[in-house]
Amino acid sequence: MTARISSTGLWTPPNSISNDELVGSYNAYVEQFNTENAISIENGETEPLNPSSSAFIEKASGIKARYVLSKDPILDPKIMEPRIKERSNEEISVLAEMAVWAGRDALEKAGRAPEEVDAVIVACSNLQRAYPAIAIEVQKYLGTSGFAFDMNVACSSATFGIETARGLIAGGQAKSVLVCSPEICSGHLNFQDRDSHFIFGDVATAVLLESEDIAPPNSWEIISAKLVTEFSNNIRNNFGFLNRTAPDGVGKPDKLFVQNGRSVFKEVVPMVADMITKELAANDIPPESLKRMWLHQANINMNNFIAQKVLGKDADPTMAPVVLDEYANTSSAGSIIAFDKHNDDFKPGDIGLICSFGAGYSAGLILVRKS
Ligand SMILES: CC(C)(COP(=O)(O)OP(=O)(O)OC[C@H]1O[C@@H](n2cnc3c(N)ncnc32)[C@H](O)[C@@H]1OP(=O)(O)O)[C@@H](O)C(=O)NCCC(=O)NCCS
């Protein structure tokens with residue numbers, strides 16, 4: 001049975017942090033660090049820290065702001081981490097709650113009751129706990145039927161999740177699958193690292209896939225999908241359940257997000273452009289007939305390069321819509337936010353693509369046609 005995308009959902013946290021607010025907090029931390037370590041810096045024993053700048057952030061990435069679950073502690077130079085209260089086992093966990101909000105939005109848009117959903121996949125970069133699966137908690141609180149499981153392919157989790165859902169529908173396991181991507185990226189971001197403190201934001205998205213016999217008439221046909229991975233250490237986070245077996249490493253910076261951004265930029269742009277070009281050719285779709293590319297939202301310059309390589313010319317702003325200016329990099333959710341917010345002008349027959357890329361490396365492509 002062929003699967004279609006019936007709807008998408010979005011949940012945005014209430015607090016936004018501007019570049020100026022973030023840089024103000026970082027620079028206060030830098031001043032404090034350099035003052036406290038003045039002697040050691042003068043003796044050449046400690047490297048002084050350099051200030052961050054809003055102008056650099058916007059020019060290098062396109063990011064102007066980001067939404068977060070917890071704002072004030074991130075901006076407090078003495079804390080510089082989010083603070084999210086621990087919940088009892090009897091309460092819904094925060095990651096599941098975000099997924100439920102986004103999931104409800106997707107179900108409402110498709111006019112579906114939760115019990116009509118046969119499976120939930122929580123596909124995201126950072127899972128709150130080892131077990132039980134967050135997806136099974138989402139199943140309980142949403143009231144969906146069938147089964148649920150978690151999966152993680154970092155920034156490509158949502159597109160890999162969509163393709164997995166398509167397989168479940170094609171294989172007869174389910175007729176309706178909800179793919180939720182709750183991303184609390186502030187939880188793994190080192191706000192004391194000048195190279196990356198501005199990169200991420202928090203959000204949750206959801207995508208409802210249904211078999212074509214029940215999908216609404218205005219749903220999205222999935223023309224084809226392509227998944228690619230290639231191992232790289234250029235984006236890495238060593239946090240994990242074995243950390244306690246090596247106590248010396250606990251709390252070290254490598255237990256948070258670390259990247260070599262310049263290398264990622266150089267290596268991922270050609271990888272993704274090549275994947276898109278080949279997949280379009282395999283489906284006899286000339287690049288000029290594409291109406292939109294809902295690309296992963298990490299860096300505006302990266303997206304412009306990818307669009308330019310695929311089209312063979314500079315893309316106009318409607319071709320690759322930008323949401324990272326407002327949301328920053330929201331990991332797997334980025335391309336889904338772009339899709340959710342920028343598809344109203346699609347007419348039956350119009351073709352677009354959802355494309356994610358990031359840690360792994362991983363890249364996922366979903367080619368869609370509006371019904
Ligand atoms: C992270 C990223 C925005 C950095 O931009 P960049 O142009 O590569 O910047 P670089 O790290 O090379 O740094 C350039 C200069 O700016 C400086 N700089 C770095 N962070 C700065 C900051 N916050 N404020 C001011 N200057 C800064 C550097 O020190 C460097 O200075 P130098 O030239 O004097 O050495 C960019 O590399 C990127 O987005 N890469 C892709 C990342 C990606 O897709 N990751 C996926 C994650 S899921």
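Which residues does K255 touch, not counting residues up to four places away in sequence? In this predicted model, K255 touches N237, N238, F239, N243 and G249, and the sections below start from this lysine before turning to the ligand, two helices and some unusual backbone angles.

## K255 and its surroundings

K255 has its place in the loop between β9 (235-236) and β10 (258-259). With a relative accessibility of 14%, K255 counts as buried, since the cut-off for a buried residue is under 20% relative accessible area. The side chain of K255 also makes a polar contact, at 2.8 Å, with the side chain of D254.

## The shell around the ligand

There are 17 residues around the ligand, and those that come nearest are S52, R194, Q259, R262 and N299. When the residues of this shell are sorted by character, they divide into 8 nonpolar, 6 polar and 3 charged.

Three distances involve a nitrogen atom of the ligand, and they can be followed one by one in the structure. In the side chain of Q259, an N or O atom is 2.9 Å from a nitrogen atom of the ligand, while G261 places a backbone N or O atom 3.1 Å from a ligand nitrogen, and S53 has a backbone N or O atom at 3.2 Å from a nitrogen atom of the ligand. On its own the ligand has 980 Å² of accessible area, of which the protein covers 72%. The elements that give two or more residues to the shell are α3 (54-61) and α8 (261-282), and the largest share, 3 residues, comes from α8.

## Helix α3: one face in, one face out

Helix α3, which contributes to the shell around the ligand, has S54, I57 and S61 as its buried residues. Seen down the axis of the helix, these buried residues fall within an arc of 70 degrees, so they line one face of α3. The face turned away from this buried side carries the exposed residues A55 and K59.

What covers the buried residues of α3 includes α1 (19-36), α9 (300-311) and α10 (324-327). Just after the helix comes G62, which takes a positive phi of about 90 degrees.

## Helix α6 and the loop before it

In helix α6, which spans residues 134-142, the buried residues are I134, A135, E137, V138, Q139 and L142. These buried residues pack against α5 (94-110) and against three strands, namely β4 (119-123), β5 (147-151) and β6 (176-184). Just after α6, G143 takes a positive phi of about 90 degrees.

The loop between β4 and α6 holds P132, and a cis peptide bond, with omega about 0 degrees, joins Y131 to this proline.

## Unusual backbone angles

Most residues other than glycine have a negative phi, and most peptide bonds are trans. Against that background, which residues have a positive phi although they are not glycines? One of them is M80, with a phi of about 55 degrees, and another is A328, with a phi of about 60 degrees.

M80 lies in the loop between α4 (72-75) and α5, and because its relative accessibility is 3%, M80 counts as buried. A328 lies in the loop between α10 and α11 (334-341), and because its relative accessibility is 0%, A328 counts as buried. A further cis peptide bond runs from G360 to Y361, with omega near -10 degrees, and Y361 lies in the loop between β12 (351-358) and β13 (362-370).

## R369 and a contact across the sequence

Strand β13, which follows the loop that holds Y361, contains R369. Is R369 buried, partly exposed or exposed? At 28% relative accessibility R369 counts as partly exposed, because that class lies between the cut-offs of 20% for buried and 50% for exposed.

R369 and W220 are 149 residues apart in sequence, yet their C-alpha atoms are 5.6 Å apart in space. Leaving aside residues up to four places away in sequence, R369 touches S219, W220, E221 and I223, and also G349, D350 and I351.

Definitions and conventions
Residues are numbered from 1 along each chain as its sequence is written. This is a predicted model: local features need pLDDT of at least 70, side-chain atom pairs count only at pLDDT 80 or more; totals for chains, interfaces and linings use all residues. Side-chain values use heavy atoms; hydrogens and water are left out. A residue is near a molecule or strand if one of its heavy atoms lies within 4 Å of it. A polar contact is a pair of N or O atoms within 3.5 Å; within protein, one must be able to donate a hydrogen and the other to accept it, and residues adjacent in sequence count only if both atoms are side-chain atoms. Accessible areas come from the Shrake-Rupley method with a 1.4 Å probe; for residues, only the protein chains shown count as cover. Helices (H or I, at least four residues) and strands (E, at least two) are DSSP runs, numbered from the N terminus. Ala, Val, Leu, Ile, Met, Phe, Trp, Tyr, Cys and Pro count as nonpolar, Asp, Glu, Lys and Arg as charged, and the others, Gly among them, as polar. Buried means under 20% relative accessible area, exposed over 50%, partly exposed in between (1.4 Å probe, protein chains only). The arc is that of the directions from the helix axis to the C-beta atoms. Contact means heavy atoms within 4.5 Å.
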